[in-house]
Amino acid sequence: MKTIYKFLTFLILFFPAKMLLSQQTDEKRMKIQVSVKDGKNQIVSVIKSYTISYNRTLLTPENNKSGETKAFYISLDFEKQDIPFLRAFIQNKAGLDGQITVTDTYGKLPSRKIDFQSATMDIMNDQAMGEYSGMFMNLSCNVITIDGLKIEH
């Protein structure tokens, strides 16, 4: 009988603590935002992730004469559809300047800042299914600055 009481006492004391510790919070550690300046308006949007890629093979002498070939690509994965952000790129065909900022909400990792110039929208994918909706956007540009290091072709 003593064994049963010990077992029940163990369950009553430690099971609720284990349940509390195992639950995940909705708070995300890394906060990622993208912002663009559309005339006088600053449009800021929260994104889940971003990817930057560089494709030097696109810069052939024939393509580079026109100056329209852009070698930097920025892929943005938005947490939800952002119509004002999309509208800014649709209305401004010449390109927009903007930046991506990454901050650690715990304050332990250094912040990151990526600036881009004259970015235009190449691809947009709007997705909705069940309880999830999201938007993906690919931008292209010629100049990128990553944490103060300016990269251009």
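The protein exposes about 10,700 Å² of surface, and carbon and sulfur atoms supply 56% of that area. Bear in mind as you look around that this is a predicted model. Of the 153 residues in the protein, 27% are buried.

Now for the fold itself. You will find three helices and eight strands, and from the N terminus on they follow the order α-β-β-α-β-α-β-β-β-β-β. To see how the chain comes back on itself, take the contacts between residues at least 6 apart in sequence: 62% of these join residues at least 24 apart.

Let's stop at strand 2, which covers residues 41-54 and includes S53. Is S53 buried, exposed or partly exposed? Its relative accessible area is 36%, and because buried means under 20% and exposed means over 50%, S53 counts as partly exposed. Leaving aside residues up to four places away in sequence, S53 touches A71, F72 and Y73. The C-alpha atoms of S53 and A71 are 8.2 Å apart, while 18 residues separate the two along the chain.

From here, move to K70, which sits in the loop between helix 2 (61-66) and strand 3 (72-78). K70 is a buried residue without a salt bridge. Which side chain of opposite charge is nearest to K70? That is D122, 6.9 Å away; a salt bridge has to fall within 4 Å, so this pair does not qualify.

What, then, does the side chain of K70 make a polar contact with? One partner is the side chain of T120, at 3.5 Å. In addition, a polar atom of the K70 side chain lies 2.9 Å from the backbone oxygen of S118.

Conventions
Residues numbered from 1 in each chain as written. Predicted model: local features only at pLDDT ≥ 70, side-chain atom pairs only at ≥ 80, totals over all residues. Heavy atoms only, no water. Helix = DSSP H or I, 4+ residues; strand = E, 2+ residues; numbered from the N terminus. Buried < 20%, exposed > 50% of the residue type's maximum accessible area, 1.4 Å probe, protein only. Lys, Arg positive; Asp, Glu negative; His and termini not counted. Polar contact = N/O pair within 3.5 Å; in protein donor to acceptor, adjacent residues only side chain to side chain. Contact = heavy atoms within 4.5 Å. Areas by Shrake-Rupley, 256 points an atom, 1.4 Å probe, with all protein chains shown as cover.
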